[in-house]
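Thanks for coming. I'll take a few minutes to walk through one protein chain for those who have not seen it before. Please have a look at the sequence and the structure first.

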Amino acid sequence: MAAVVMDGKALAAKIKEEVRLRVEGMGRKPGLAVVLVGEDPAALSYEAGKRRDCQQCGIYYDTFRLPESTTQEELLDVIRLLNSREDIDGILLLLPLPKHLDGREAALAICPGKDVDCVHPVTMGDLVLGMDSFRPCTPAGVMRLLEEYRIDPAGKRCVVVGRSNIVGKPQAMLLLQNHGTVTICHTKTPDLGEECRRADILVCAAGRPGLITAGMVKEGAVVIDVSINQDDQGRLCGDVDYDSAAEKAGYITPVPGGTGPVTRAILMENTLTAALLHGKR
Ligand code: NAP
C-alpha cells in the first residue's frame with residue numbers, strides 16, 4: 001500500500017497562521033534580523049524566503065547585507081548591535097560565510113536569548129540537557145510533522161542518517177527526549193542498509209541523492225527526508241528514492257514540500273517565543 005504523504009506545506013501554513021494570530025494581538029511586534037555576508041545565491045534566496053515569512057506573520061524584519069570584504073570585527077559589531085536592539089528578538093546569521101570569516105566566533109557573539117536558529121553552544125547545551133529553550137528549526141520541524149500525523153517516537157527504533165550540528169545531532173537528541181531508541185549513522189557506518197532497515201522512524205539528512213533505496217526501508221516505516229539536493233536534471237530531491245520507498249513506507253515526506261516549509265515556519269515560531277521571552281505582549 002502506498003505511504004501517507006506527510007504534507008509539510010499544509011503544516012507550515014497552519015503554524016504560520018497560529019503565529020500570525022498571536023502576533024496580531026501583540027502591542028509590540030516580534031522582530032527578526034537576518035545577517036547575510038557576500039552574494040551566495042542560496043543564501044540570497046533563503047533571505048528572500050525569510051522576508052516573505054515575516055511579512056505573512058506580521059513579524060518585523062530587518063536584513064543586514066554585508067559585502068564579501070566584511071572583516072570579522074565588522075561582522076561582530078553588527079551582531080553586537082543587533083543584540084542590543086529592542087526591536088530585534090531573533091538573529092539569523094546566514095551560511096555559508098566567506099572563508100576568511102570565523103563562523104564559530106560569530107555564533108558565540110549572538111546573545112542566546114536571540115539565538116532563534118540555535119547556533120550558540122548554550123542553546124545546544126540546553127537542548128542536550130532537556131532545558132526549555134529554542135529548538136533548532138529543522139529537527140523541531142520534523143518532530144512537529146511526527147506530532148501532526150500522531151506518530152509517537154516512544155518505544156520506536158529511530159535511525160538518523162547524518163550527524164551534523166544543525167540537523168543530525170539535534171534530531172537524534174529530540175527523538176531521544178521523546179523516548180525513541182536512537183541510532184545515528186554517518187559515512188563510517190559499516191552497513192547503512194542494515195541500520196536503516198531496522199528503523200520504525202528513519203530520518204535522512206545526508207545530502208546525497210539516491211542514498212536511501214526502497215530496499216533500505218522497513219515495511220510500514222515512517223520516512224522523513226530532510227535533505228534538499230538537486231538531481232542530474234537540476235530538480236530538487238532528497239536522499240530517498242521517493243517513488244519506490246513510498247510503495248513500502250507507511251508515511252513519507254516529499255521533497256520539496258516536506259520538511260523545508262516546516263523548518264521556515266518553526267523559525268517564525270521561535271522568533272515569537274523570543275519576543276515573549278523579551279517581555280513583548
Ligand atoms: P552536512 O553537514 O553535509 O552533513 C551530512 C551528514 O551526512 C554528515 O554527518 C555525513 O557523515 C552524513 N553522510 C553523508 N554521506 C553519507 C553516506 N553516504 N552515508 C552515511 N552518512 C552520510 O549536511 P547538513 O547541513 O546536515 O544537511 C543535510 C541535508 O539536509 C542537505 O541536503 C541540506 O540541504 C538539507 N537541509 C535541509 C533543511 C530543511 O529545512 N529541510 C535544513 C537544513 C539542511 P560524516 O559526518 O561522516 O561526514
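I'll start with the largest pocket, which has a volume of about 1,400 Å³. Its lining is made of 44 residues, and the closest of these to the pocket centre are Y46, T138, I166, I228 and T263. If you want to find the place on screen, go to those five residues. Before going on, I should say that this is a predicted model.

Which elements supply the lining? Those that give two or more residues to the largest pocket are the helices α2 (41-57), α6 (137-148) and α10 (259-277), together with the strands β4 (90-93) and β9 (229-230). With seven residues, α2 has the largest share of that lining. By residue type, the lining divides into 24 nonpolar, 14 polar and six charged residues.

Now the domains. The assignment for this chain gives domain 1, residues 29-111, and domain 2, residues 136-260. Their C-alpha centres are 29 Å apart. How does the largest pocket relate to these two domains? Each of them, domain 1 and domain 2, gives at least three residues to its lining.

Next, the strands, beginning with β2, which covers residues 31-37. Strand β2 runs parallel to β3, residues 60-66, and seven bridges join the two. One position to look at is L32, which stands opposite Y61 in β3. Strand β3 itself is mostly covered, with five of its seven residues buried.

Strand β2 is also joined to β4, again in parallel, by four bridges. Here V34 stands opposite L92 in β4. Is β4 covered on one face or on both? Both faces are covered: G90 and L92 are buried on one side, and I91 and L93 are buried on the other. You will recall β4 from the pocket, since it is one of the elements that give two or more residues to the lining.

After β4 comes a loop that leads to α4 (103-109), and P96 lies in that loop. The peptide bond from L95 to P96 is cis, with omega near 5°. There is another cis bond to point out, from V255 to P256, where omega is near 0°. P256 also sits in a loop, this one between β11 (251-252) and α10.

That brings me to the sheet that contains β11. It is an open sheet of six strands, paired in parallel, in the order β1-β11-β8-β7-β5-β6. Which strands stand at its edges? They are β1 (4-5) and β6 (181-185); each has a single partner strand, so one side of each has no neighbour in the sheet. As a general reminder, strands of a sheet pair through backbone hydrogen bonds.

Inside that order, β5 (residues 157-161) and β7 (residues 201-204) pair in the parallel sense over four bridges. V160 has V203 in β7 as its bridge partner.

Both of those valines turn up again around one leucine. L175 lies in helix α7, residues 168-177. Leaving out residues up to four places away in sequence, L175 touches M143, L146, P153, C158, V160, G180, V182 and V203. Why does L175 count as buried? Its relative accessibility is 0%, and buried means under 20%, so L175 falls in that class. For one of its contacts there is also a backbone distance: the C-alpha atoms of L175 and C158 are separated by 7.3 Å, with the two residues 17 apart along the chain.

Last, two residues with positive phi, neither of them a glycine. R150 has a phi of about 55°, and its place is in the loop between α6 and β5. H179 has a phi near 70° and is found in the loop between α7 and β6. Are these two buried or exposed? R150 is exposed, with a relative accessible area of 79%. H179 counts as exposed too, at 58% relative accessibility.

To recap: the largest pocket draws on both domains, the six-stranded sheet is open with parallel pairing, and L175 is buried. I'll stop there and take questions.

Key: Residues numbered from 1 in each chain as written. Predicted model: local features only at pLDDT ≥ 70, side-chain atom pairs only at ≥ 80, totals over all residues. Heavy atoms only, no water. Buried < 20%, exposed > 50% of the residue type's maximum accessible area, 1.4 Å probe, protein only. Contact = heavy atoms within 4.5 Å. 1 Å grid on protein atoms, 1.4 Å probe; cavity = no way out; pocket = protein on both sides within 12 Å on 5 of 7 lines; lining within 4 Å. Points joined across faces, edges and corners; volume = space filled by probe spheres on them. Nonpolar A, V, L, I, M, F, W, Y, C, P; charged D, E, K, R; others polar. Domains from an automatic or database assignment. Pairing = 2+ DSSP bridges.
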